[in-house]
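Before reading on, please take a moment to look over the chain from one end to the other. The report below is meant as a guide for a first visit.

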Amino acid sequence: MLGSKFKHTERFNSGETESPTFPLLALARHRFFIDGKGVTTLVAGAGCPLSCAYCINRELLTRTPKPITPRELIEKVRIDDLYFRATGGGLTFGGGEALLHIDFYEALRPLCPNWKLTAETSLNVPRESAVRAARVFDAFIIDIKSLDPDIYLRYTGREIGETLGNLEYLIEAVGAERLTVRVPLIPGFNDESDREKTRETLERMGVSDIEMFEYVIRKTNR
Ligand code: SF4
């Protein structure tokens with residue numbers, strides 16, 4: 001949980017009362033220090049409010065999701081409990097937009113209090129989702145695209161307002177040290193100069209964990 005150390009107990013909490021489901025597309029185990037500290041399992045879910053010109057998950061998002069309850073997910077991934085606890089890792093939710101499934105995470109969190117939960121998100125979601133996510137997730141990996149409103153709109157098909165507002169909110173609510181922000185170079189949409197401006201703005205906001213990288217455009221991304 002945010003603001004607290006993970007409690008290392010020997011048993012999983014069995015107090016599940018509701019069973020909201022997560023639209024599971026894929027699981028990827030044994031990710032070593034890819035999503036911050038520790039060994040993690042990536043849990044990919046369906047749905048995304050954005051329409052990025054080069055969607056890196058387009059093939060994944062065309063699959064038919066399998067609805068899964070929190071307890072069913074725990075059963076699938078608990079084989080790696082020792083890895084998670086020994087390394088400070090856990091589950092990373094992505095997709096798609098992780099923050100579309102807040103009811104599920106709120107039901108899942110008490111079942112695995114010892115695991116780090118990380119959300120991969122664009123933050124282009126209603127404020128209420130960001131507020132509830134701040135209470136559930138230990139870390140956020142934010143794919144910010146660009147902080148230039150015109151580039152953002154042209155690339156994603158949506159206005160940047162909610163993303164920017166939620167970024168400011170999370171910095172205030174959970175602290176910039178819990179955020180990793182990814183800033184891509186997107187061929188045909190931004191250049192080094194635009195990207196630098198985004199990085200400088202993020203640094204002024206207090207974000208220090210900034211990953212600069214370049215999109216490699218394949219036919220399946222278009
Ligand atoms: S945010 Fe990610 S999943 Fe959504 S359209 Fe963009 S690249 Fe695809």
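What follows goes from the overall fold to the cores, one helix, some backbone features and the ligand.

**Overall picture**

This is a predicted model, and the protein in it has eight helices and eight strands. Of its 222 residues, 36% are buried. When contacts between residues at least 6 apart in sequence are considered, 76% of them join residues at least 24 apart.

**Nonpolar cores**

In soluble globular proteins, nonpolar side chains tend to be buried together. Here the largest nonpolar core has 42 residues, of which Leu99, Ala119, Phe140, Ile142 and Val181 touch the most other members. Helix H4 gives the most to this core, with five residues. Apart from this core lies another, of six residues, which include Cys52, Ile160, Ile186 and Phe189. Returning to Ala119, and leaving out residues up to four places away in sequence, one finds that Ala119 touches Phe93, Ala98, Leu99, Ala133, Phe137 and Phe140.

**Helix H8**

How far apart are the end C-alpha atoms of helix H8? At 1.5 Å a residue, the 14 residues of this helix, 192–205, should span 20 Å, and the end C-alpha atoms are indeed 20 Å apart, which agrees. Within H8, the residues Arg195, Thr198 and Leu202 are buried, and because these buried residues fall within an arc of 60° when seen down the axis, they line one face of the helix. An α-helix has 3.6 residues a turn, so residues three or four places apart point the same way. The buried residues of H8 pack against strand E7 (179–185) and strand E8 (210–214), whereas Glu192, Ser193, Glu200, Glu203 and Arg204, on the other side of the helix, are exposed. Just after H8, Gly206 takes a positive phi of about 105°.

**Positive phi outside glycine**

Two residues that are not glycine also have a positive phi, and the table sets them side by side.

| Residue | Phi | Loop | Other C-beta atoms within 10 Å |
|---|---|---|---|
| Phe33 | about 55° | between strand E1 (22–32) and strand E2 (39–45) | 11 |
| Leu123 | near 70° | between strand E5 (116–121) and helix H5 (127–136) | 26 |

Are these residues buried or exposed? Phe33 counts as exposed because its 11 neighbouring C-beta atoms within 10 Å fall in the range of 12 or fewer, while Leu123 is buried because its 26 satisfy the requirement of 20 or more.

**Arg127 and its contacts**

Arg127 is found in helix H5, and with 11 C-beta neighbours inside 10 Å this residue counts as exposed. Leaving aside neighbours within four places in sequence, Arg127 is in contact with Gly165, Asn166 and Tyr169. The C-alpha atoms of Arg127 and Thr163 are separated by 9.2 Å, although the two residues are 36 residues apart along the chain.

**Around the ligand**

Which residues surround the ligand? They are Cys48, Leu50, Ser51, Cys52, Cys55, Ile56, Asn57, Gly96 and Ser122, and by class this shell has five nonpolar, four polar and no charged residues. Cys52, named here around the ligand, is also among the residues of the six-residue core. Gly96, another of the residues around the ligand, lies in the loop between strand E4 (90–94) and helix H4 (102–108), and the peptide bond that leads from Gly95 to Gly96 is cis, with omega near 15°.

Definitions and conventions. Residues are numbered from 1 along each chain as its sequence is written. This is a predicted model: local features need pLDDT of at least 70, side-chain atom pairs count only at pLDDT 80 or more; totals for chains, interfaces and linings use all residues. Helices (H or I, at least four residues) and strands (E, at least two) are DSSP runs, numbered from the N terminus. The expected span of a helix is 1.5 Å times one less than its number of residues. The arc is that of the directions from the helix axis to the C-beta atoms. Two residues are in contact if their C-beta atoms, placed from the backbone, lie within 7 Å. A residue is near a molecule or strand if its C-beta atom, placed from the backbone, lies within 6 Å of it. Ala, Val, Leu, Ile, Met, Phe, Trp, Tyr, Cys and Pro count as nonpolar, Asp, Glu, Lys and Arg as charged, and the others, Gly among them, as polar. A nonpolar core is a set of buried Ala, Val, Leu, Ile, Met, Phe, Trp, Tyr and Cys residues joined through C-beta atoms within 7 Å.
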